Amino acid sequence: MSVDQASWEAAVRHLFEDAYPYDATGPRRHEDWVLDVIALMARSVPDPRGWDGLDDAAESPAREGFPTYPFAVHPPEYIAARLKEIDLDSAENLLLALTDDRCTLSNLRRFTESEEELRTMARTILARYGVAATFHTNVTRPGRVPGTLDFSTPDWGYSPLSVYTEDYGLIVVSDTEVGMFWNFSDH
């Protein structure tokens, strides 16, 4: 599946506009892609294609003197230890769970579109990164098979990377790009 700028931006905007998102893509410049994630958190790299993401905290006064806000500053080892690789199906479900607080698929009830239409939007977002992309998350919601997430269980956790009490997200890594889809909550 190939994807164009208009459909990708529309999918990102529609799925995440009611969350408190940070959705951005940057170039992959390092073998250790966690370094590219840190550059994304610091907002120090542009989208390589010039496509628009979402960044609700971009204009926050809290960013003054703290460019990574709401992300906390951590060394690469700290971040790498908190990210686990997941499969494509789990990545698709996670994108849908990130559409609002609580990281759950029950968030889909607020949309007027069918679940399949929403899944098509998630697939559009992931298609940008190609079929060889890998997927990583700070969410722990282990499925029965290693590398999967189980969204049918109410038990889940995460390893925060921000100043908020809850943050959860998906990192997509290709040979040339690193995408970051994150949501923040303070409950």
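Rings of Phe, Tyr and Trp (the six-membered ring for Trp) pair if their centres lie within 6.5 Å; planes under 30 degrees apart count as stacked, over 60 as edge-to-face and the rest as tilted. With that in hand I looked up the aromatic cluster: Y20, Y22, F66, Y69, F71, Y164, W182 and F184 form one.

**Ground rules.** I am working on a predicted model, where local features need pLDDT of at least 70 and side-chain atom pairs count only at pLDDT 80 or more, while totals for chains, interfaces and linings use all residues. I number residues from 1 along each chain as its sequence is written, and side-chain values use heavy atoms, with hydrogens and water left out.

**Overall.** I looked up the elements and found five helices and eight strands in the protein chain (DSSP runs numbered from the N terminus: helices are H or I with at least four residues, strands are E with at least two). Along the sequence the pattern reads α-β-α-β-α-β-α-α-β-β-β-β-β. The radius of gyration is 15 Å, close to the 16 Å that the globule rule gives for 187 residues, so the chain is as compact as a globular protein of that length. For that I took the radius over C-alpha atoms, and the rule is 2.2 Å times the number of residues to the power 0.38. The C-alpha trace spans about 40 × 35 × 30 Å along its principal axes. Buried residues make up 50% of the 187 in the protein chain; buried is under 20% relative accessible area, exposed over 50%, partly exposed in between, with a 1.4 Å probe and protein chains only. I then checked contacts (heavy atoms within 4.5 Å). Of those between residues at least 6 apart in sequence, 68% join residues at least 24 apart.

**Cores.** I use nonpolar core for a set of buried Ala, Val, Leu, Ile, Met, Phe, Trp, Tyr and Cys residues joined through side-chain atoms within 4.5 Å. The largest one has 34 residues, and F16, L94, I125, L170 and F181 have the most contacts inside it. Elements giving two or more residues to this core are α1 (5-16), α4 (88-97), α5 (115-127) and β7 (166-173). The largest share, six residues, comes from α5. I looked at I125 and saw that it touches W8, A11, V12, L15, F16, L95 and F181, leaving out residues up to four places away in sequence. There is also a second, separate core of 22 residues, including A39, M41, L83 and V173.

**Helix α2.** I checked residues 34-41: six of the eight residues of α2 are buried, so this helix is largely enclosed by the rest of the structure. The buried ones are V34, D36, V37, A39, L40 and M41. They pack against β1 (21-27), α3 (76-82), β7 and β8. Just after α2, R43 takes a positive phi of about 55 degrees.

**Aromatics.** I found 15 aromatic pairs in the structure. Y129 and F181 make an edge-to-face one, 6.3 Å centre to centre with 85 degrees between the planes. Y129 sits in the loop between α5 and β4 and F181 in strand β8 (residues 177-185), so this pair ties together parts that are 52 residues apart in sequence. Both Y129 and F181 are buried. Y164 and F184 form a tilted pair, at 5.9 Å centre to centre and 45 degrees between the planes. Y164 counts as buried at 17% relative accessibility, and F184 is buried at 2%.

**F71.** Back to the cluster: F71 lies in the loop between β2 (54-55) and α3, and is buried with a relative accessible area of 0%. Setting aside neighbours within four places in sequence, F71 contacts Y22, M41, F66, L161, S162, M180, W182 and F184. I also took the C-alpha to C-alpha distance from F71 to I125: 23 Å in space, with their positions 54 residues apart in sequence.

**N138.** I looked up N138 in the loop between β4 (134-137) and β5 (139-140). N138 is buried, at 1% relative accessible area. A polar atom of the N138 side chain lies 3.0 Å from the backbone nitrogen of G169. Among the residues that N138 touches are R82, L83, Y158, D167 and W182.

Terms used
A polar contact is a pair of N or O atoms within 3.5 Å; within protein, one must be able to donate a hydrogen and the other to accept it, and residues adjacent in sequence count only if both atoms are side-chain atoms.
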